[in-house]
Amino acid sequence: MITARVAQKFSQNLVEKGSVMGLTPPMRSSTITLLESSERSAGTVLHPVLWTTGVRRQHVQVRSMMTALRNGPKMTGHHLASAVDRITRNMGRLRARRLLEMALAAAAARDFRTRMEAVIDTPEDWANWSRKDWTDELMESLGTTKFQRFVSAVNRVVHLSLLATPLALIAPLSYVSKTAHEMSWRYALWGIEQAGPTAIKWVQWATTRQDLFSPEFCQYFGKLRDETTGHAWKHTKEILDEDLGPLADSLELETTPIGSGCIAQVYKGKLHEATGQFPAGTELAIKVQHPDIWQMVCVDFYLLGKIAQFFEDIPFLQLKYLALVDTVRQFRDIMLPQLDLTLEAKHLQRFNRDFGSDNRVNFPQPLTGLTTKRVLTETFLPGTPILEFTKASEPVRKELANLGVEITLRMIFLNDFLHGDLHPGNILVHQSDSGKLSINLLDCGLVVEMGPEQHVNLTKIMGAFSRREGREAGQLMVDSSSDCQADDEGMQLFVDGIARICNEDSNFIEHVGDKIANI
């Protein structure tokens with residue numbers, strides 16, 4: 001039993017010297033509060049403090065190595081460099097483990113709760129949280145009658161068939177002609193762009209799965225992740241005039257976009273006159289949606305839903321376990337919100353609020369008065385693409401890696417609001433005049449928000465893993481599944497497999513931290 005004096009000292013050390021756990025001051029001061037009471041406070045979730053055995057063990061190893069260096073015989077340059085490298089790796093792993101374990105503080109076990117507990121404030125947005133169903137808006141855009149929806153679907157099928165026919169004719173020739181082979185790749189790339197945002201999004205995802213698709217496929221179509229063909233300036237001008245009206249005159253845009261994605265393209269500009277808190281001359285990034293894509297995307301998901309339902313209803317195929325309909329619905333609910341740029345502006349406001357006290361990470365600030373469903377006006381954030389830092393010095397790479405891990409864990413475990421499109425193109429690194437590094441995150445249209453129920457399920461599962469209770473973790477994963485198609489025997493095999501993975505590795509969580517540090 002921990003005495004009151006020991007508990008008080010441990011609490012003070014954990015809060016005031018949180019750097020041992022790899023926490024920044026804002027997280028220590030506003031997130032974790034240690035109590036010596038088991039009483040629950042209104043609006044909070046209680047979690048026990050995690051053990052520190054791993055911390056002590058790592059510190060013992062490091063102290064032993066340092067003692068050997070001081071008291072041992074003279075070492076050659078090679079041996080000294082090797083020893084320093086081992087110490088550096090151990091300290092990096094120690095930090096990653098502490099970051100991971102603090103993230104898992106929200107998932108610690110009820111059975112191991114003691115008199116000293118951590119109180120973690122739940123996200124205030126959970127008070128009115130609900131998951132939006134986009135079915136009604138999708139169906140409304142296709143027409144009010146079945147005949148209107150049928151006509152929209154047929155027109156879309158005809159359009160896609162016309163795009164696919166030339167490729168079907170050229171593809172067989174690619175096996176006998178190098179020219180036909182190159183032509184088929186070029187046409188496929190052009191055809192996917194012409195097919196619209198749904199096809200581009202799917203191919204963008206496919207190019208990240210090199211375990212499923214060939215290296216040639218991933219390399220060639222990987223161009224779609226960086227840049228897609230944009231629309232003409234005249235369409236941009238029409239959208240700005242229609243959506244902003246006279247307010248469009250307060251913006252000065254460069255006519256050449258600085259980037260183009262499957263949903264919109266971005267222009268650099270500045271304010272002609274002061275707007276709200278932003279003075280005249282403020283550098284801006286103006287995102288303008290491609291014309292007429294809402295109808296196109298809605299028809300695509302209507303067709304995908306019908307096709308998925310058709311295959312699931314075929315008895316002998318037994319495809320229900322693949323949850324095709326649910327997969328299409330999830331893809332739809334991710335895609336459609338990105339077509340409303342006012343939602344992205346709200347996402348930016350939320351991220352700026354969540355990370356407002358941390359100057360190491362920045363998000364653009366939206367100008368809501370100059371934002372509509374098809375136009376997003378935000379402040380311009382300069383920076384260098386993070387991929388250019390892969391050849392930077394080791395201390396710089398470690399600093400950026402640790403900061404990236406911390407930002408991601410805070411988004412998942414503390415804020416329940418995760419940037420869902422963190423590819424390298426959306427991560428910029430800014431270096432101040434004093435040499436301090438910060439990360440600028442862009443394109444926040446896609447976010448992942450679990451909500452209270454799923455977030456609690458996640459923390460329970462991670463808590464079971466942290467206690468090395470693999471069987472409980474596996475059972476929680478089965479129980480929280482939205483639509484489990486497996487029979488009792490299959491579910492039991494799954495639970496047994498998770499238990500075996502967890503129990504065979506005596507340092508399961510620490511090895512996860514090591515992998516994060518190595519990455």
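## Strand β13, its sheet and two nonpolar cores

Ile427 stands opposite Leu441 in strand β13. The model described here is predicted, and the account begins with this strand before turning to the helix that packs on its sheet and to the nonpolar cores.

Strand β13 spans residues 437–441 and is mostly covered, with five of its five residues buried. Leu437, Ile439 and Leu441 point one way from the strand, whereas Ser438 and Asn440 point the other way, and the residues of both sets are buried.

The sheet to which β13 belongs is open and is made of four strands in the order β8-β13-β12-β10, with mixed pairing. Its edge strands are β8 and β10, the latter comprising residues 384–385, and each of these two pairs on one side only. Helix α15, which covers residues 394–415, packs on the sheet and touches β8, β12 and β13, while its direction makes about 45° with that of β13.

The pairings made by β13 itself are set out below.

| Partner of β13 | Residues of partner | Direction | Bridges |
|---|---|---|---|
| β8 | 361–362 | parallel | two bridges |
| β12 | 427–431 | antiparallel | five bridges |

On the β8 side, Val361 has Ile439 as its bridge partner in β13, and Asn362 has Asn440. On the other pairing, β12 and β13 form a hairpin with five residues between them, and in the turn Gly435 has a positive phi of about 95°.

Two of the residues already named in these strands return in a nonpolar core, but the largest such core is described before it. That largest core holds 30 residues, of which Leu138, Phe217, Phe221 and Leu336 touch the most other members. The elements that give two or more residues to it are α5 (135–142), α7 (178–195), α8 (197–206), α9 (215–221), α12 (293–312) and α13 (324–335). Among these, α12 gives the most, with eight residues. When residues up to four places away in sequence are not counted, Leu336 touches Trp134, Leu138, Trp294, Val297 and Cys298.

A second core, separate from the largest one, has 22 residues, including Phe355, Val361, Ile427 and Val447. Of these, Val361 is the residue whose bridge partner in β13 is Ile439, and Ile427 is the residue that stands opposite Leu441. Ile439 and Leu441, the β13 residues facing these two in the pairings, point one way from the strand together with Leu437.

Notes. Residues are numbered from 1 along each chain as its sequence is written. This is a predicted model: local features need pLDDT of at least 70, side-chain atom pairs count only at pLDDT 80 or more; totals for chains, interfaces and linings use all residues. Side-chain values use heavy atoms; hydrogens and water are left out. Buried means under 20% relative accessible area, exposed over 50%, partly exposed in between (1.4 Å probe, protein chains only). Two strands pair if DSSP finds at least two bridges between them. Contact means heavy atoms within 4.5 Å. Axes are lines fitted to C-alpha atoms, for helices over the stretch in contact, and angles run from 0 to 180 degrees between N-to-C directions. A nonpolar core is a set of buried Ala, Val, Leu, Ile, Met, Phe, Trp, Tyr and Cys residues joined through side-chain atoms within 4.5 Å.
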